[in-house]
Amino acid sequence: MNLDKLKQAEAQFLQLYPQGFADPGLLAIGKKHRMPQMIEQCQALFDKQAFNKPHSIVEEMIRMVSRSSMVSMFEKPKFKDFVKSLPGTDVDRLSEAFYEQLYGDQHRGFEDLLNLLMTQKLAKWSLMTILPNYVWPHREVFVKPTTAKGVIHWFELQDLVYKPRPSWDFYQRYRANIMDMKQQVVPSLAGSNAAFSGFLMMSLPAN
């Protein structure tokens, strides 16, 4: 990580938004993503105890993906159609994979979800990472391809190469870098991982 670039980005950002993500200017921008509402809803819907009803879980997965402003409008109906077409055994597999992502063996959950989505060519970073990001906003990261590629290049994250096909190795190392970078900035910029990623995205050069 290029710490000088990060601190320069921090200084420039705070000149525009002195209160960080509590600044009125940013609060207005952030309203379109409805992050507080999405986090609250997902944490309630995907509580540990809710997973004893797999069909309800996958229905709520469809609903919350459809509501997310961070998932492409083209991916939302494809995800819905995919889930609706799953036989009962695969509904259970999808629910179990998501449970493992949130509360169990994350690596296993990631791989199981990836394998399911790959059957319909839906193995997209957005679909893999959006819901865990809502449930655990300070622990998980949402991988947006353009942002991830830009952050890796501009802030010189070492030994990290973005690839379109999701992988657990990339995810855990990218997440570790984001968490490390958060430790280097003032608290007003180190809120949720989604907000911090937004700061990084806004700090990237235009070209």
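**Exercise 1.** In this predicted model, work out how the residues of the lining of the largest pocket divide into nonpolar, polar and charged.

*Solution.* Start with the lining itself: 42 residues line the largest pocket. Sorting them by type gives 23 nonpolar, 12 polar and seven charged residues. The pocket they surround has a volume of about 1100 Å³. Now look towards its centre, where the closest lining residues are His33, Met35, Met70, Ala194 and Gly198.

**Exercise 2.** Find which helix gives the most to the lining of the largest pocket, then decide whether that helix is largely enclosed or not.

*Solution.* First, list the helices that each supply at least two lining residues: H2 (24-30), H3, H8, H9 and H11. Next, pick out the top contributor, which is H11 with seven residues. Then check burial along H11, residues 193-203: eight of its 11 residues are buried, so the helix is largely enclosed by the rest of the structure. Those buried residues are Asn193, Ala194, Phe196, Ser197, Gly198, Phe199, Leu200 and Ser203. Finally, see what they pack against: helices H1 (3-16), H3 (35-45), H8 (125-135), H9 (145-154) and H10 (168-182).

**Exercise 3.** Take Arg175 and decide whether this residue counts as buried or exposed, then name its contacts beyond four places in sequence.

*Solution.* Begin by placing Arg175, which is found in helix H10. Its relative accessibility is 14%, and the cut-off for buried is under 20%, so Arg175 counts as buried. Last, set aside the neighbours within four places in sequence; Arg175 is then in contact with Gln106, Arg139, Glu140, Val141 and Trp168.

Notes:
Residues are numbered from 1 along each chain as its sequence is written. This is a predicted model: local features need pLDDT of at least 70, side-chain atom pairs count only at pLDDT 80 or more; totals for chains, interfaces and linings use all residues. Side-chain values use heavy atoms; hydrogens and water are left out. Buried means under 20% relative accessible area, exposed over 50%, partly exposed in between (1.4 Å probe, protein chains only). Helices (H or I, at least four residues) and strands (E, at least two) are DSSP runs, numbered from the N terminus. Contact means heavy atoms within 4.5 Å. On a 1 Å grid over the protein atoms alone, a cavity is a set of points where a 1.4 Å probe fits but cannot get out, and a pocket is an open set with protein on both sides within 12 Å along at least five of seven lines; lining residues have an atom within 4 Å of a point. Grid points are joined across faces, edges and corners, and a volume is the space filled by probe spheres set on the points. Ala, Val, Leu, Ile, Met, Phe, Trp, Tyr, Cys and Pro count as nonpolar, Asp, Glu, Lys and Arg as charged, and the others, Gly among them, as polar.
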